[in-house]
Amino acid sequence: MFISISTTATADRPATDLGFLLHKHPEKVQRFSTSHGVAHVFYPEATEQRCTAALLLDIDPVALVRQGRGRGRSGSPDLALAQYVNDRPYAASSLLAVALRTVFRSAMKGVCEKLPGRAELVMPLRIDLPAVPATGGGEGGGPAMVRRLFEPLGWQVDAVAVPLDETFPEWGESRYVRVELTGELRLADALQHLYVLLPVLDGAKHYWVAPDEVDKLLAAGEGWLADHPELAVITRRYLARRWSLTRLAMERLALARLAEADDSEAEELDNAVDDDPPADDPAAEAPGTEAADAGASTGFASTAAGPDAGDRPVPLAVQRRAAILAALAETGAARVLDLGCGQGELVGELLKDTRVTEVLGVDVSSRALAAAGRKLRLDRMSERQAARVRLVQGALTYTDARLKGYDAAVLSEVIEHLDLPRLPALEYAVFGAARPQAVVVTTPNVEYNVRWETLPAGHVRHSDHRFEWSRAEFAAWAERVAGTYGYTVALRPVGPLDEEVGAPTQLALFRTATTDNAPEGSVTR
């Protein structure tokens with residue numbers, strides 16, 4: 001199994017810089033032990049004008065079979081002879097990718113202390129692979145697949161299928177391809193491309209694919225994988241078609257893409273599920289709060305009893321969902337968006353309503369969506385019920401074609417989690433681009449905070465709240481949004497109504513202003 005990496009001199013840098021970047025001296029032949037054989041590194045040529053480093057991986061097929069307990073390359077038993085007579089010592093595969101990571105670990109990280117800053121610069125590179133298995137597996141193989149994988153990354157690809165036997169051309173082509181890659185890239189990027197794409201071309205891994213392979217894929221694919229046109233194929237084949245790992249990788253890539261677009265950290269976006277509520281979060285401490293009632297990380301609860309509750313307090317989260325469902329019932333909405341659905345409490349209530357034919361839950365947090373899926377028991381739903389609900393990842397501050405065409409949208413305890421400068425983007429994405437016939441918005445009433453004994457003066461109800469509005473501020477915002485996007489709006493209190501400070505939650509029901517459709521008994525702005 002052989003690969004060579006070559007470079008040529010530039011106007012200000014000799015080709016022998018390659019030795020420093022690879023951390024391997026051109027005048028030495030070095031030997032490294034890997035988990036599947038012995039790797040030899042040497043330099044066929046090393047002049048200031050041209051330098052070539054070669055890696056020869058000597059695989060022991062017998063030892064590989066013993067290590068794998070007799071299992072074949074794809075994880076299923078091979079024929080007895082095929083376990084010992086195969087292409088593993090010769091064709092560049094996942095085993096070569098492992099050797100690259102073992103031998104050139106520092107180079108893959110872009111580290112070079114002896115030439116500071118050099119690893120960050122592009123250089124002319126040529127990579128030769130005499131034999132690469134390029135199996136399609138229903139996804140197209142051969143030279144075309146090599147080009148589909150490498151050309152979007154800036155490589156010029158010369159890929160030629162190797163004939164089964166040059167003496168008998170009528171026998172056709174083998175599954176192997178002779179590959180030459182040329183381009184101007186950082187050496188670290190080139191090695192990362194090879195580390196990911198060699199197993200993808202082969203379509204199989206010669207070792208157990210554990211969950212940590214997702215971390216390795218995302219680390220090696222940082223900066224290029226998320227935007228690759230063959231992302232789905234790469235992820236699926238790299239992870240040996242393990243569906244659960246593929247889904248996890250795609251979710252983490254989507255979150256990283258959203259975080260980059262939002263100029264924030266992925267951990268900041270994926271925070272809808274608190275592993276340990278902060279000690280200073282009153283919502284985590286107050287009995288009967290939404291956090292205690294539903295495992296959510298936002299919202300308080302009312303200690304006021306409902307008409308049928310006797311002496312038992314009715315959590316504010318329950319009263320809020322009841323108010324939202326009542327508002328939706330007035331609109332007659334059958335297809336509903338739950339924007340910022342969190343762990344799916346409202347989605348579950350909507351599915352109980354037979355008038356609702358479709359629910360789309362959207363949240364930026366993959367952890368929250370996973371929790372919602374478990375709570376809703378999506379894997380146990382009947383086919384008919386499962387057809388009514390979808391949970392998707394998305395950022396509400398960006399337009400999304402998936403949100404168009406719905407009767408109503410709900411933003412329950414969502415807007416206060418946005419920085420105020422980002423709020424206009426959400427307004428346009430929901431009211432302007434998606435434009436459902438009705439929108440229900442709920443948010444805390446900051447005036448009511450003085451009634452919470454556990455909340456220190458001047459504090460917001462949750463550490464992630466960027467703001468909390470008074471009734472006048474919320475009314476002014478709702479009136480402006482309604483006027484801008486052609487809606488009418490009705491304001492309602494939710495929870496126990498205090499004559500002095502109002503209710504703990506305030507609700508706005510927006511409806512398209514085609515007719516005078518404001519609900520009777522509401523306050524219209």
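The exercises below, each with a worked solution, concern a predicted model.

**Exercise 1. The nonpolar cores**

Identify the residues that touch the most other members of the largest nonpolar core, and state which helix gives the most to that core.

Solution. Begin with the membership: the largest nonpolar core has 70 residues, and within it Leu55, Leu129, Phe150 and Trp155 touch the most other members. Next, look at the contributing elements, where helix α6, residues 187-202, gives the most, with 10 residues. Then take Leu129 as an example: once its neighbours within four places in sequence are set aside, Leu129 is in contact with Phe2, Ile3, Ala92, Leu96, Val177, Arg178, Val179, Leu194 and Leu198. Finally, a second core of 34 residues, separate from the one just described, includes Leu339, Leu418, Phe467 and Val489. As background, nonpolar side chains in soluble globular proteins tend to be buried together.

**Exercise 2. The surroundings of β11**

Is strand β11 largely enclosed or open, and which strands pair with β11?

Solution. First consider burial: five of the five residues of β11 are buried, and therefore the strand is largely enclosed by the rest of the structure. Second, separate the two faces, since Ala408, Val410 and Ser412 point one way, whereas Ala409 and Leu411 point the other way, and all are buried. Third, examine the pairing: strand β8, residues 335-339, runs parallel to β11 and is joined to it by three bridges, while strand β12, residues 438-444, pairs with β11 in the parallel sense over five bridges. Fourth, follow Ala409 across the strands: Ala409 is the bridge partner of Leu337, and Ala409 also stands opposite Val439 in β12. Last, add the helix, because β11, α17 and β12 make a right-handed β-α-β unit.

**Exercise 3. Helix α17 and the loops around it**

Determine what agrees with the expected span of α17, which of its residues are buried, and what covers them.

Solution. Start with the length: at 1.5 Å a residue, the 12 residues of α17 should span 16 Å, and the end C-alpha atoms are 15 Å apart, which agrees. Continue with burial, where the buried residues are Leu423, Leu426, Glu427, Ala429, Val430, Phe431, Ala433 and Ala434. For the spacing in such a list, recall that an α-helix has 3.6 residues a turn, so residues three or four places apart point the same way. The cover over the buried residues of α17 includes β8, β11, β12, α18, β13 (487-494) and β14 (505-512). Lys404, in the loop between β10 (389-393) and β11 (408-412), touches Ala433 and Ala434 when residues up to four places away in sequence are not counted; Lys404 and Ala429, which are 25 residues apart in sequence, have C-alpha atoms 10.0 Å apart.

Now turn to the loops. Glu413, in the loop between β11 and α17, has a phi near 55 degrees, a positive value in a residue other than glycine, and at 7% relative accessibility Glu413 counts as buried. Arg435 follows α17 and has a positive phi, near 45 degrees; Arg435 is found in the loop between α17 and β12 and, at 37% relative accessibility, counts as partly exposed. For comparison, most residues other than glycine have a negative phi.

**Exercise 4. Salt bridges in their settings**

How many salt bridges does the structure hold, and what is the accessibility of residues that take part in them?

Solution. The total is 23 salt bridges. Take the pair Glu427 and Arg480, whose closest N and O atoms are 2.8 Å apart; this pair links distant parts of the chain, with Glu427 in helix α17 (residues 423-434) and Arg480 in helix α18 (residues 471-485), 53 residues apart. Applying the cut-off of under 20% relative accessible area for a buried residue, Glu427 at 2% counts as buried, whereas Arg480, with 42%, is partly exposed.

Next comes the pair Asp353 and Arg355, with closest N and O atoms 3.1 Å apart, in which Arg355 is exposed, having a relative accessible area of 52%. Finally, Asp189 forms a salt bridge with Arg186, the closest N and O atoms being 2.9 Å apart, and Asp189 is partly exposed, with a relative accessible area of 26%. Both of these residues are linked with Glu120 in a network of salt bridges.

Key
Residues are numbered from 1 along each chain as its sequence is written. This is a predicted model: local features need pLDDT of at least 70, side-chain atom pairs count only at pLDDT 80 or more; totals for chains, interfaces and linings use all residues. Side-chain values use heavy atoms; hydrogens and water are left out. A nonpolar core is a set of buried Ala, Val, Leu, Ile, Met, Phe, Trp, Tyr and Cys residues joined through side-chain atoms within 4.5 Å. Buried means under 20% relative accessible area, exposed over 50%, partly exposed in between (1.4 Å probe, protein chains only). Helices (H or I, at least four residues) and strands (E, at least two) are DSSP runs, numbered from the N terminus. Contact means heavy atoms within 4.5 Å. A salt bridge is a side-chain nitrogen of Lys or Arg within 4 Å of a carboxyl oxygen of Asp or Glu. Two strands pair if DSSP finds at least two bridges between them. A crossover is right-handed if, with the strands pointing away from the viewer, the path from the first strand over the helix to the second runs clockwise. The expected span of a helix is 1.5 Å times one less than its number of residues.
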